[in-house]
Amino acid sequence: AYRVAGHALLRVNGMNDTLTLFYHEEEALLFAPFFDATSGITTYAKGRYLDLPRPKSKASNIILDFNRAYTPWSG
């Protein structure tokens, strides 16, 4: 029962990309599932996730710390 909360616009290595952010009515976090060029090679084939605090307003900036990415399948 996750709903789209919005999109994070980011620039990595000179390329623009978009990350879809989701939320759940009962949680105070945003949820961002993603894949990257290493998915299935040096990281998990099913992708990774970021949990982020929900901003106070829709126009707020958020910090995407990919060092905090996780996968629930890592046991």
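Me: Is R68 buried or exposed in this model?
Reply: The model is a predicted one. R68 has a relative accessibility of 66%. The cut-off for exposed is over 50%, so R68 counts as exposed.

Me: Which residue meets R68 in a salt bridge?
Reply: A search of the whole structure finds 1 salt bridge. It is formed by side chains, with 3.7 Å from N to O. The partner of R68 is D65.

Me: How does D65 count by its relative accessibility: buried, partly exposed or exposed?
Reply: D65 has a relative accessibility of 30%. Buried would need under 20% and exposed over 50%. D65 therefore counts as partly exposed.

Me: What pattern does the protein follow, read along the sequence?
Reply: The secondary structure comes to 0 helices and 4 strands. Read along the sequence, the pattern is therefore written with strands alone: β-β-β-β.

Me: In what order do the strands stand in the sheet?
Reply: The 4 strands form an open sheet, and the pairing is antiparallel. Strand β1 pairs with β2, and β2 pairs with β3. The order in the sheet is β1-β2-β3-β4.

Me: Which strands stand at the edges, and why is one side of each left without a neighbour?
Reply: The sheet is open, with 4 strands in the order β1-β2-β3-β4. An edge strand here has a single partner strand, so one side of it has no neighbour in the sheet. The strands at the edges are β1 and β4 (48-53).

Me: By how many degrees are neighbouring strands of this sheet turned against each other on average?
Reply: The pairing in the sheet is antiparallel. The angle between neighbouring strands is given with direction ignored. On average it comes to 30 degrees.

Me: Over how many bridges do β1 and β2 pair?
Reply: Strand β1 covers residues 2-12 and strand β2 covers residues 15-24. V12 in this pair stands opposite M15 in β2. The two strands run in the antiparallel sense, and the number of bridges is 10.

Me: What is the phi of N13, in degrees?
Reply: N13 lies in the loop between β1 and β2, and this hairpin has 2 residues between the strands. Most residues other than glycine have a negative phi. N13 has a positive value, near 50 degrees.

Me: Is N13 buried or exposed?
Reply: The place of N13 is in the loop between β1 and β2. Its relative accessible area is 77%. The cut-off for exposed is over 50%, so N13 is exposed.

Me: Which residue in β3 does F22 stand opposite?
Reply: β2 and strand β3 (residues 29-34) pair in the antiparallel sense over 2 bridges. A hairpin of 4 residues joins β2 to β3. The residue opposite F22 is F31.

Me: Which elements give two or more residues to the largest nonpolar core?
Reply: The largest nonpolar core has 11 residues: A8, L10, L19, L21, Y23, L30, A32, F34, L50, L52 and A69. The elements that give two or more residues to this core are β1, β2, β3 and β4.

Me: Which residues is L30 in contact with, leaving aside its neighbours within four places in sequence?
Reply: L30 belongs to the largest nonpolar core, as do L21, Y23, L50 and L52. These four are among the contacts of L30. The full set is A5, L21, F22, Y23, L50, D51, L52, P53, R54 and P55.

Me: How many Å separate the C-alpha atoms of L10 and L64?
Reply: L10 is in strand β1 and counts as buried at 18% relative accessibility. Leaving aside neighbours within four places in sequence, L10 is in contact with M15, N16, D17, L19 and L64. L10 and L64 are 54 residues apart along the chain, and their C-alpha atoms are separated by 9.1 Å.

Me: Which residues does H24 touch, not counting residues up to four places away in sequence?
Reply: H24 is found in strand β2. At 15% relative accessibility, H24 counts as buried. The residues it touches are A1, Y2 and R54.

Me: What percentage of the area exposed by the protein do carbon and sulfur atoms supply?
Reply: Buried residues make up 25% of the 75 residues in the protein. The protein exposes about 5900 Å². The share supplied by carbon and sulfur atoms is 52%.

Technical notes
Residues are numbered from 1 along each chain as its sequence is written. This is a predicted model: local features need pLDDT of at least 70, side-chain atom pairs count only at pLDDT 80 or more; totals for chains, interfaces and linings use all residues. Side-chain values use heavy atoms; hydrogens and water are left out. Two strands pair if DSSP finds at least two bridges between them. Axes are lines fitted to C-alpha atoms, for helices over the stretch in contact, and angles run from 0 to 180 degrees between N-to-C directions. A nonpolar core is a set of buried Ala, Val, Leu, Ile, Met, Phe, Trp, Tyr and Cys residues joined through side-chain atoms within 4.5 Å. Buried means under 20% relative accessible area, exposed over 50%, partly exposed in between (1.4 Å probe, protein chains only). Contact means heavy atoms within 4.5 Å. Accessible areas come from the Shrake-Rupley method with a 1.4 Å probe; for residues, only the protein chains shown count as cover. A salt bridge is a side-chain nitrogen of Lys or Arg within 4 Å of a carboxyl oxygen of Asp or Glu.
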